[in-house]
Amino acid sequence: MTQEDYITVDSINQYIESKSWEKLIPLNATFELTYKCNERCIHCYVETPYEDTELSTGEVFRVLEELAELQTLQINFTGGEIFIRKDIRDILQHARDLKYNVTLSTNGIAIDEDMADFLKEKIKPWDIGISLYGSKPEIHDAVTRVKGSFEKTVNAIKLLRERKIRVKAKIVVLSVNYEDYKNIKKLTDDLGIKHLIDFNITPMLLGGKEPLSLRISDEQIQEFIFNEALGLEVYTLGKERYDIETKKKLDGILCKAGVNFLNITPFGEVTPCVQWYYPVGNVRKDSLHDIWYNSEKLAYIRKKRIKDIEKCNKCEYLAYCNRCSGTALLVDGDSFAASSLSCQYIDNVRAVIEKKYKKGLVPA
Amino acid sequence: MTVMQNRSNLANNEFTVPSHGLSDNEKDEMLKKIVMKNEDIAWRVLDGEVIIITPEDSVQHYINEVGSTIWGFADGKRTVQDIIDLMKEEYRENIEKNLVSPEDIENDVIIFLSELSSEEKKIISLENRE
């Protein structure tokens, strides 16, 4: 075999992605194992009736087996805090035995040497995403509202890195840690890990608006986009490419959610995406196969096109937009309308492009 | 040799089949080995084609339909020879129509499995029967 058969991750992703869309294979899944957490982050979107019973070990196993049959390859275990579950080792081991490519999202504070060894030797995760909110305890712990969490999180990162497990810091930029961002980035460099940035704070799953007060301002977002140059070149398309991209977006599906991506909540609800709380079935009632292939809600989602959304259909910035159905529902109350968060982001990008390149987003 | 060519080889005979480059002794040794999938890899079959992720380097590998048929036969019990026999059976019609020769199939399987078991890939291992 030559390199052609071992295509790079990007190009093979594209091939697999299009294939999974075409064949309706839920290639990627997130599994929210619990909404319980050992931190109480001030911006957290989880809001849930705790009296409901979370999936048992046996139920989680069954879901994993059903997902494997549907040919789901990538699985991200998230929460809440996954390491709170007493059966977490059994669950991760079962996922490994079923040949998933496993990624984890955690705050890391429950990861000790023994757990790090287990992850390295038995699970071999693709990567572990660890939330980091500050470069020092005063800032990080003020976000998590757990004293000592910064030290434990940083320690977990070190334990994992010592074992050569890939770790990426998930940095949520809030009004309270905005000034510290550069230091957080430096800390991740010092720790030898990559980082992901998110400043899109959303309301809580059941509608609570409290986290919104922590959003950074438009000016700060612009400063951020400007300074961090988050791929600004993609916002300066030439006319021909702009037209092609606009047409592609108009005719395209809303997003991957429900097309080759799904999410399972701790209560067995199946939703199109972890950020789109729009239950299309429950694994306690129906098989995943049945839900994935027969849900009317999913059929509706898959049929919808961006051009069906009135505001998006007329928008001249569509070529640049990655509209999110989840935030459209959370913020605007309608999964199938424009997402004001996406609109707001594009507005901020436009302001930056005008300032930096002295031109608009729409090519002349 | 590529798996894409593999597919062509098995479909028609217009390609010159490259040799696997093994001596007779080496080949005889290899035919007796059991084909074991690496326990650590993640993999799925997407519409008849196998997608593999190797954890060490986090590379995604894609194997086409013919390679995927070979992959499907590798159940941790079968030897390289068993898999060659099964592939010949799978492509019996093509052999009968002279679209592919049994030698081509043997060659393709040996090259394919050698590649997957190479030091760089380590997607499978070839083990001695216990």
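Among contacts in chain A between residues at least 6 apart in sequence, what percentage join residues at least 24 apart? In this predicted model, that share is 72%. The legends below start with each chain as a whole and then move in on single residues.

**Figure 1. Chain A as a whole, a chain of 14 helices and 9 strands.** Welcome to chain A, whose 364 residues give a radius of gyration of 21 Å. That value agrees with a compact globule, because a globule with 364 residues would have a radius near 21 Å. Along the principal axes, the C-alpha trace spans about 60 × 55 × 50 Å. Of the 364 residues in chain A, 52% are buried.

**Figure 2. The surface and charges of chain A.** About 16,600 Å² of chain A is accessible surface, and carbon and sulfur atoms account for 51% of that area. Chain A carries 52 positive and 55 negative charges. If you average the positions of each set, the two mean positions lie 3 Å apart.

**Figure 3. Chain B, built from 6 helices and 5 strands.** Start at the N terminus and follow the elements of chain B in order: α-α-β-β-β-β-α-α-α-α-β. Chain B has 130 residues, and 48% of them are buried. Here, 59% of the contacts between residues at least 6 apart in sequence join residues at least 24 apart. The exposed surface of chain B is about 6,400 Å², with 44% of it supplied by carbon and sulfur atoms.

**Figure 4. Cysteines of chain A, in a structure with 0 disulfides over all chains.** Take Cys41(A), which is in no disulfide: the nearest cysteine sulfur belongs to Cys37(A) and is 6.1 Å away. Cys41(A) counts as buried because its relative accessibility is 13%, under the 20% cut-off. Now turn to Cys324(A), where the closest cysteine sulfur is that of Cys273(A). The two sulfurs are 6.3 Å apart, so they are too far from each other for a bond; a disulfide would need them within 2.5 Å. Cys324(A) has 22% relative accessibility and therefore counts as partly exposed.

**Figure 5. Asn348(A), a buried residue in helix α14 of chain A.** Helix α14 covers residues 340-357, and Asn348(A) lies within it. Is Asn348(A) buried or exposed? With a relative accessible area of 2%, Asn348(A) is buried. Leaving aside residues up to four places away in sequence, Asn348(A) touches Asp218(A), Ile221(A), Gln222(A) and Ile225(A). Those are the side chains and backbones to look for around Asn348(A) in this view.

**Figure 6. Ile109(A), in a loop between a strand and a helix of chain A.** The loop that holds Ile109(A) lies between β3 (101-106) and α4 (113-123). Ile109(A) has a relative accessible area of 16%, so it counts as buried. Which residues does Ile109(A) touch, not counting residues up to four places away in sequence? They are Asn38(A), Glu39(A), Ser149(A), Lys152(A) and Thr153(A). Look also for Glu151(A), which is 42 residues from Ile109(A) along the chain; the C-alpha atoms of these two residues are separated by 8.4 Å.

Note on methods:
Residues numbered from 1 in each chain as written. Chains lettered and ligands numbered in written order. Predicted model: local features only at pLDDT ≥ 70, side-chain atom pairs only at ≥ 80, totals over all residues. Heavy atoms only, no water. Helix = DSSP H or I, 4+ residues; strand = E, 2+ residues; numbered from the N terminus. Rg over C-alpha atoms; globule rule 2.2 N^0.38 Å. Buried < 20%, exposed > 50% of the residue type's maximum accessible area, 1.4 Å probe, protein only. Contact = heavy atoms within 4.5 Å. Areas by Shrake-Rupley, 256 points an atom, 1.4 Å probe, with all protein chains shown as cover. Lys, Arg positive; Asp, Glu negative; His and termini not counted. Charge placed at Lys NZ, Arg CZ, Asp CG, Glu CD.
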